[in-house]
Amino acid sequence: MKIPEMNKVYVLNPHYHLRHDIHRVALFSSTGTDTDCSRNWHTFIHPLQAVMLSFFTYDRPLQTTLPLLCDFFCRSKEEMIKWVSDFIDNPTPIYTSSQQGEIYFPKRILIEAEKAGKALRFDRLQANSFVWKKLDLTTKRLYSGPLLLTFMLTNQCVTHCKYCYADTSTQIKSPLTTQRMMELIKEASDLQVQQVNLIGGEIFLHKDWKIILKELVKRGIAPEFISTKMPVTQKLLQDVQETGYQGIVQISLDAIHSEILTASLGVNGNYAKEMLHGLQLLDDSGLNYQISSVLTNYNCQLNVLAELLHELSHLKHIRDWRIIPASNSIYKEYNVFSHLKPTKAQITKVFNQIRPLLTQVSFPVILGKEVTDKNYQDTWGGSRCFKGSECSALTTHMFILPDGKVTVCEQLYWHPQFIIGNVTTQSLKEVWHSPQALHLCSLSRQDINKESPCRECRLFEDCFSYQNRCWSDIIKAYGKDCWDFPDPRCCFAPAMKNKLSYD
């Protein structure tokens with residue numbers, strides 16, 4: 001045990017936040033941070049642990065804080081030092097045990113005040129602000145409201161990507177007003193959300209994107225990155241900088257062959273030239289940016305990717321380049337879309353071919369091969385046993401459509417089964433606790449069609465209550481009317497009507 005220095009001021013790492021969630025406390029990290037904290041962290045901790053951390057939100061040395069902790073917890077100085085020391089500058093995540101399972105904490109929870117730098121602020125949390133009655137450290141869904149929000153500002157775009165998974169055809173008759181969005185952003189801030197994402201379509205086509213982004217920056221809940229396929233101009237860069245945005249600008253560029261881009265994106269012959277010019281402006285701007293490419297049969301060739309890599313190699317400040325194989329869409333006919341999707345063999349071949357070239361560039365290149373390695377129809381034990389990142393729908397995340405309707409997932413859009421409210425007339429908390437949302441969280445066997453193997457499955461209660469079934473993958477695999485079928489990863493899932501794999 002490392003003995004802390006009594007004359008030093010230790011504080012709760014300003015990259016972490018505590019949010020009372022009725023029956024526990026949510027501990028989560030700010031977005032856009034890398035080295036000073038555990039990135040994208042979110043766990044539930046015991047309220048008493050939050051109380052302990054609250055004592056470190058004041059500008060005072062440990063020798064002053066320690067007696068206060070001893071008085072509150074009725075423990076000796078030695079006991080409190082032993083408890084606190086594990087949380088001071090811990091280099092890796094740690095955990096404690098409870099009757100409801102292990103409780104995980106991120107790295108560097110308490111740090112020396114002088115190491116907090118400009119990010120330091122003292123919220124001065126009160127110990128009595130974490131009062132609880134019934135303890136629940138296991139339920140995945142937040143009680144107090146969403147932790148993450150996504151605003152789809154518009155479903156209009158500057159390209160017509162043949163592989164796009166988005167619903168760009170629905171006509172928006174009454175868009176959510178900017179005034180209402182600002183009210184919702186304030187409510188989100190008051191709720192202590194982790195971040196508010198902005199997506200399109202093309203977010204820069206929304207007339208008030210600058211006002212919206214600036215407000216998110218002001219409230220400290222700006223998106224980690226914003227993505228665009230629009231050629232960057234000096235005016236656009238100036239507007240982004242004026243918002244104070246410090247996140248990542250993601251440029252989507254699949255190739256620099258004009259013929260390929262015209263065929264796959266429906267753009268004019270000058271698009272590649274304009275995109276490369278915009279990248280140079282972005283590189284000179286000082287903004288953080290990364291490149292994302294979607295791999296299809298149009299560009300799954302070494303010469304195409306190598307040519308793009310050559311152009312990117314001239315840039316000095318690129319953060320990374322991500323190459324991700326195209327995935328199925330609910331809104332594209334599968335028999336048409338399947339011809340766009342490269343096979344696993346094609347993807348493996350081109351990734352192996354390009355790897356030797358990656359040593360010639362100074363930035364990381366992320367090859368998204370994991371999507372091709374995803375296994376289907378082989379997992380026993382229900383949704384809590386599925387591998388990969390866990391679904392955030394209905395547990396931490398809400399998705400607000402351009403007309404104010406709210407759905408549970410970015411890829412479900414206006415699917416009627418998953419519309420849980422409308423923020424034109426409801427608050428975020430009202431939507432989170434709406435009858436539609438609560439019903440989806442507690443589906444019974446009677447809610448499931450008889451054609452679905454889930455209805456009679458003996459794992460039904462545990463699988464559905466754990467909330468880790470991917471609704472969008474289910475619909476992609478079996479069709480819109482089969483939303484209640486098994487997740488394709490489940491060993492009881494029937495043969496897919498539309499294959500998600502890259503075989």
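Leaving aside neighbours within four places in sequence, Cys441 is in contact with Arg141, Leu394 and Gln467 in this predicted model. The place of Cys441 is in helix H13, which covers residues 435–441. The chain also brings Cys441 and Tyr466 to 9.2 Å from each other, C-alpha to C-alpha, although 25 residues separate the two in sequence.

**Domains and their contact**

The domain assignment of the protein chain gives domain 1 as 8–113, domain 2 as 147–370 and domain 3 as 381–476. Domain 2 gives 28 residues to its contact with domain 3, and domain 3 gives 23 residues to the contact in return. Between the C-alpha centres of domain 2 and domain 3 the distance is 26 Å.

What is the area buried between domain 2 and domain 3? The value is about 2,300 Å², and carbon and sulfur atoms give 65% of that area. How many residue pairs are in polar contact between domain 2 and domain 3? The count is 15 residue pairs, with both residues at pLDDT 80 or more, whereas the count of salt bridges between domain 2 and domain 3 is zero.

On the side of domain 2 that touches domain 3, the elements that give two or more residues are strand S8 (148–152) and helix H4 (178–190). The largest share of that side comes from S8, which gives five residues. When the residues of this side of domain 2 are divided by kind, 17 are nonpolar, eight are polar and three are charged.

**The open sheet and the hairpin**

S8 also appears in an open sheet of five strands, where the order is S9-S8-S15-S16-S17 and the pairing is mixed. Strand S9 (195–199) and strand S17 (421–422) stand at the edges of this sheet, and each has a single partner strand, so one side of each is left without a neighbour in the sheet. In a regular strand the side chains alternate between the two faces of the sheet.

Two strand pairs can be set out side by side, each with a pair of residues that stand opposite one another.

| Strand pair | Sense and bridges | Residues opposite |
|---|---|---|
| S16 (residues 405–407) and S17 | antiparallel, two bridges | Val406 and Gly421 |
| S5 (residues 94–98) and S6 (residues 101–105) | antiparallel, five bridges | Thr96 and Ile103 |

The connection between S5 and S6 is a hairpin, which joins S5 to S6 through two residues.

**Loops and local backbone features**

Where is Gln156 found? Gln156 is in the loop between S8 and H4, and, not counting residues up to four places away in sequence, Gln156 touches Gly201, Glu202 and Leu205. Gln156 and Lys405 are 249 residues apart in sequence, while their C-alpha atoms are 17 Å apart in space.

Gly201, one of the residues that Gln156 touches, lies in the loop between S9 and helix H5 (209–218). A cis peptide bond joins Gly200 and Gly201, with an omega of about 15°. Another backbone feature belongs to Arg108, which has a positive phi of about 50° although Arg108 is not a glycine. Arg108 lies in the loop between S6 and strand S7 (110–112). To place these two features in context, it helps to recall a general pattern: most residues other than glycine have a negative phi, and most peptide bonds are trans.

Key:
Residues numbered from 1 in each chain as written. Predicted model: local features only at pLDDT ≥ 70, side-chain atom pairs only at ≥ 80, totals over all residues. Heavy atoms only, no water. Domains from an automatic or database assignment. Contact = heavy atoms within 4.5 Å. Buried area = accessible area lost by both parts, 1.4 Å probe. Salt bridge = Lys/Arg side-chain N within 4 Å of Asp/Glu carboxyl O. Polar contact = N/O pair within 3.5 Å; in protein donor to acceptor, adjacent residues only side chain to side chain. Helix = DSSP H or I, 4+ residues; strand = E, 2+ residues; numbered from the N terminus. Nonpolar A, V, L, I, M, F, W, Y, C, P; charged D, E, K, R; others polar. Pairing = 2+ DSSP bridges.
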